[in-house]
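Reader: I'm new to this one and would like a close look at a single part. Could you take me through the helix packing and the core around it?

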Amino acid sequence: MKILVTGGAGYIGSTTAKALEAAGHTPVILDSLLTGPQAFVRDRIFYEGDIGDRSLIRRVVDEHPDIDATIHMAARIVVPESVEKPYDYYKDNVAKSLELFDELNAVGKPRVLFSSSASLYATKENFEVVESDPLAPQSPYARTKGMMEQILIDMAAATDLRAIILRYFNPIGSDPDLESGIYAKEPSHVLGQLVMAARGQKDSFTITGTDLPTRDGTGIRDYVHVWDLAKAHVRAVERFDAVLEQVGAPSVVINVGTGSGVTVRELVAAFEGVFGRDVPISEAPPRPGDAVGAFANVDRSAELLDWHTELSLEDAIASALAWGEKRQEILGYE
Ligand SMILES: NC(=O)c1ccc[n+]([C@@H]2O[C@H](COP(=O)([O-])OP(=O)(O)OC[C@H]3O[C@@H](n4cnc5c(N)ncnc54)[C@H](O)[C@@H]3O)[C@@H](O)[C@H]2O)c1
């Protein structure tokens, strides 16, 4: 199959492109390089441009009429930045995606696999969320994801567009060959911060939020190895029509996680176990837009995608550490 991957120069997009190739498929990358590094594109078919550029979408489809589906990952993704710059987030994530979906439908490429987020869920007492649970996005970033889900559901109901919406939990780690990973100079993700503290690139790892209603007061997340996550996309594009037939609807939402919740303190302990040394820790209040967290109920991904995670938290931590050692070689900066 040939798959258009928007945001394919990004962290998850480049890993998914690799997983598609490993399964015998051909990714076509569309990315503006707003944040994703050119190095992650490697030698793949690549269009540098914006998802809101309809003429570019038409050109890509003209030149690749055999595209079977689109994985739409391109987005602005930094939660605190979305609090400061809501216009940029609503414009780039919502308004431009709307143009992309309409153009894909117009050119006869109706299958869309969308990267959504577990940050949409309202806090639940036992933290295990199913797809039908109430949503209460806490940041402009998360709200853009909720709006795009709604747009896809409404467009799929009214047009030929078809949508599988994957709600990712918390991707960590690298691909097995360490070709891509977290690339931000100062990563905002918890594991990127831990790796920096462990490698002495910052004084300490800051636990943001220690008074939350979890078992140890710190945020709870479902850390999914990015290579497992990438493989969930391969499953979803391969089974796209069958999944929607099975649910009897033009769109569906599917959680993609491990099914286990891990608190920040538990993550730090697991990290120190893999790393073999303690990491200096400091504590601070939650950042703007931070949520208490959730972990995935994974019944639906098992049933519809026949997919579950294969790699452990320790595998993912080891992979992130190994990427921390390798990334300068690929990115040209520490
Ligand atoms: N990383 C996470 O923890 C996480 C969790 C849940 C969901 N997601 C979603 O997964 C997707 C991929 O996330 P990621 O971590 O790989 O992020 P990323 O920032 O590494 O990748 C996003 C890519 O999109 C590109 N891009 C941004 N705006 C664009 C535009 N208008 N046109 C074309 N390209 C554009 C960027 O250059 C970048 O390469 C995003 O949609 C994100 O919201 C990520």
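Author: One term comes up right away: two residues are in contact when they have heavy atoms within 4.5 Å of each other. Bear in mind, too, that this is a predicted model.

With that in hand, let's start with H6 and H9. On the H6 side, Val190, Leu191, Leu194, Val195 and Ala198 meet Val264, Leu267, Val268, Phe271 and Phe275 of H9. Sort those by class and you get 10 nonpolar residues, with no polar and no charged ones. How do the two helices sit against each other? H6 covers residues 190-198 and H9 covers residues 264-275; their axes come within 11 Å and cross at roughly 45°. Angles from 35 to 65 degrees fall outside the roughly parallel and roughly perpendicular ranges, so H6 and H9 are oblique to each other. The hand of this crossing is right-handed.

Now hop over to H1 and H7. H1 spans residues 11-22, and it packs with H7 at an angle of about 60°, their axes 8 Å apart. H1 and H7 are therefore oblique to each other as well, and their crossing is right-handed. From H1, the residues involved are Tyr11, Ile12, Thr15, Thr16, Lys18, Ala19 and Leu20. They meet Val226, Trp227, Leu229, Ala230, Lys231, His233, Val234 and Val237 in H7. The mix here is 10 nonpolar, 3 polar and 2 charged residues.

H7 is a good place to turn inward. In soluble globular proteins, nonpolar side chains tend to be buried together. Here the largest nonpolar core has 39 residues, and Ile164, Leu166 and Ile254 have the most contacts inside it. H7, residues 226-238, gives this core its largest share, 8 residues. There's also a second, separate core of 24 residues, which includes Val28, Ile51, Ile151 and Ile165.

What does Ile254 touch, once its neighbours within four places in sequence are set aside? Among its contacts are Ile164, Ile165, Leu166 and Val243, along with Leu304 and Leu305. The list also takes in Glu131, Arg167, Arg300 and Ser301.

Leu304 and Leu305 turn up again if you move to Arg239. This residue sits in the loop between H7 and helix H8, which covers 240-247. Not counting residues up to four places away in sequence, Arg239 touches Leu304, Leu305 and Asp306. The C-alpha atoms of Arg239 and Asp306 are separated by 9.6 Å, although the two residues are 67 residues apart along the chain. Arg239 is partly exposed, with a relative accessible area of 30%.

Asp306 deserves a stop of its own. You'll find it in the loop between helix H10 (299-305) and helix H11 (313-331). Its phi is near 50°, a positive value in a residue other than glycine. At 46% relative accessibility, Asp306 is partly exposed.

One last stop is Phe127, in the loop between strand S5 (111-117) and strand S6 (128-129). Phe127 has a phi near 70°, again a positive value in a residue other than glycine. Is Phe127 buried or exposed? Its relative accessible area is 9%, so Phe127 is buried.

Methods. Residues are numbered from 1 along each chain as its sequence is written. This is a predicted model: local features need pLDDT of at least 70, side-chain atom pairs count only at pLDDT 80 or more; totals for chains, interfaces and linings use all residues. Side-chain values use heavy atoms; hydrogens and water are left out. Axes are lines fitted to C-alpha atoms, for helices over the stretch in contact, and angles run from 0 to 180 degrees between N-to-C directions. Helices (H or I, at least four residues) and strands (E, at least two) are DSSP runs, numbered from the N terminus. Angles under 35 degrees count as roughly parallel, over 145 as roughly antiparallel, 65 to 115 as roughly perpendicular and the rest as oblique. A crossing is left-handed if the near helix is turned anticlockwise from the far one by less than a right angle, and right-handed if clockwise. Ala, Val, Leu, Ile, Met, Phe, Trp, Tyr, Cys and Pro count as nonpolar, Asp, Glu, Lys and Arg as charged, and the others, Gly among them, as polar. A nonpolar core is a set of buried Ala, Val, Leu, Ile, Met, Phe, Trp, Tyr and Cys residues joined through side-chain atoms within 4.5 Å. Buried means under 20% relative accessible area, exposed over 50%, partly exposed in between (1.4 Å probe, protein chains only).
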